[in-house]
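Colleague: I'd love a guided tour of this model. Could you show me how to read its features one at a time?

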Amino acid sequence: MKPLIAPSLLSADFLNLETEIEMINNSEADWFHLDIMDGVFVPNISFGLPVVEAVKRKAKKPLDVHLMIVEPDRYIDAFRKAGADILSVQYEACTHLHRVLQSIRDGGMKSGVVLNPHTPVQLLANVLAYTDLVLIMSVNPGFGGQQFIPETYNKIAELKSMIKASGQSVLIEVDGGVNTVNAKQLVEAGADILVAGNAVFKTENPAQTIAKLKNIAF
Ligand code: DX5
Ligand code: ZN
């Protein structure tokens, strides 16, 4: 199976967001990845609800919203209204993860859990049935353009066998430092969805890079 490609708008040119969105609409990309940072959970602030809502008006593909915020349960409904199709919360920010995942699904969205690089995949054993995807951070969240952490390959493989053993259907997404050099090995390890920010938007021909990522393992 070819991986799904989710370009991260964090690395896009915000002054020309409409052009960037059209480029993704017309490319082989599958989803839009939107990074929401609150300056508390991560040491950076990105953009919020009005931007998500504006992207939704132009986007012809699902919005994959990655919340890097504390108390994400307070904003589930707001992001649903803004147009999120997939809503992912950080494991480390949720005291009541089980309830949060259920609320996301109750809102008609797909639910995701994100693991920081230090968080072991085994902690998800009791929530796989409530999760549509697990996003493995391959950098410490907060910024685009960071260097990929190589331990991620093993983590993906471990999670893949956990999911198989559980009998659930859960997709594995990887986010941070993903590029045309490491993408093949990530897909071979078991990644289903590749997020890429800098690797897409900081290249001369972003649509071509998206196509390269999409077809990398074949
Ligand atoms: C980082 C974000 C990523 C980021 C990836 O905290 O979650 O989605 O945009 O950017 P690159 O691909 O440049 O590492
Ligand atoms: Zn992200």
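Colleague: Where is the place of V200?

Modeller: Let me start with the ground rules. This is a predicted model in which local features need pLDDT of at least 70, side-chain atom pairs count only at pLDDT 80 or more, and totals for chains, interfaces and linings use all residues. Residues are numbered from 1 along each chain as its sequence is written, chains are lettered from A and ligands numbered from 1 in the order in which they are written, and side-chain values use heavy atoms, with hydrogens and water left out. Helices (H or I, at least four residues) and strands (E, at least two) are DSSP runs, numbered from the N terminus. V200 sits in helix 7, residues 198-201.

Colleague: Is V200 buried or exposed?

Modeller: The words have cut-offs: buried means under 20% relative accessible area, exposed over 50%, and partly exposed in between, using a 1.4 Å probe and protein chains only. V200 has a relative accessible area of 0%, so it is buried. Its C-alpha atom is separated by 9.9 Å from that of A6, although the two are 194 residues apart along the chain.

Colleague: How do I read a metal site? Which residues are the protein donors of the zinc ion, ligand 2?

Modeller: Donors are N, O and S atoms within 2.8 Å of the metal (3.2 Å for Na, K and Ca); water is not among the atoms, so sites may look incomplete. For this zinc ion the protein donors are H33 through NE2, D35 through OD, H66 through ND1 and D175 through OD, at 2.0 to 2.3 Å. Along the sequence, the spacing of these donor residues reads H-x1-D-x30-H-x108-D. D35 belongs to strand 2 (residues 32-37) and D175 to strand 7 (residues 171-175), so this pair ties together parts that are 140 residues apart in sequence. Both count as buried, because D35 has 4% relative accessibility and D175 has a relative accessible area of 9%.

Colleague: Why is the arrangement around the zinc ion octahedral?

Modeller: It comes down to angles. Four donors count as tetrahedral if all angles lie between 85 and 135 degrees; four count as square planar and six as octahedral if opposite donors are over 155 degrees apart and all others between 65 and 115; anything else is irregular. Here six donor atoms surround the zinc ion and subtend angles of 69 to 166 degrees, which makes the arrangement octahedral.

Colleague: And the other ligand: how many residues surround ligand 1?

Modeller: A residue counts as near a molecule or strand if one of its heavy atoms lies within 4 Å of it. By that rule 20 residues surround ligand 1, the closest being S8, D35, G142, D175 and G197. Next come polar contacts, pairs of N or O atoms within 3.5 Å; within protein, one must be able to donate a hydrogen and the other to accept it, and residues adjacent in sequence count only if both atoms are side-chain atoms. A polar side-chain atom of D175 lies 2.7 Å from an oxygen atom of ligand 1, while for H66 the corresponding distance is 3.3 Å. G197 uses a backbone N or O atom, 2.8 Å from a ligand 1 oxygen. The protein covers 99% of the 380 Å² of accessible area that ligand 1 has on its own. Such areas come from the Shrake-Rupley method with a 1.4 Å probe; for residues, only the protein chains shown count as cover.

Colleague: Now the strands. Which residues of strand 4 lie on one side and which on the other?

Modeller: In a regular strand the side chains alternate between the two faces of the sheet. In strand 4, I86, S88 and Q90 are on one side and L87 and V89 on the other, and all are buried. With five of its five residues buried, strand 4 (residues 86-90) is largely enclosed by the rest of the structure.

Colleague: In which sense does strand 4 pair with strand 3, and with strand 5?

Modeller: Two strands pair if DSSP finds at least two bridges between them. Strand 3 (residues 63-68) pairs with strand 4 in the parallel sense over four bridges, and V89 is the bridge partner of L67. Strand 5 also pairs with strand 4 in the parallel sense, over five bridges, and there V113 is the partner of V89. Strand 5 (residues 110-115) is mostly covered, with five of its six residues buried.

Colleague: What about E71: where is it found?

Modeller: E71 is in the loop between strand 3 and helix 3 (76-82). Its phi is near 45 degrees, a positive value in a residue other than glycine. With 42% relative accessibility, E71 counts as partly exposed.
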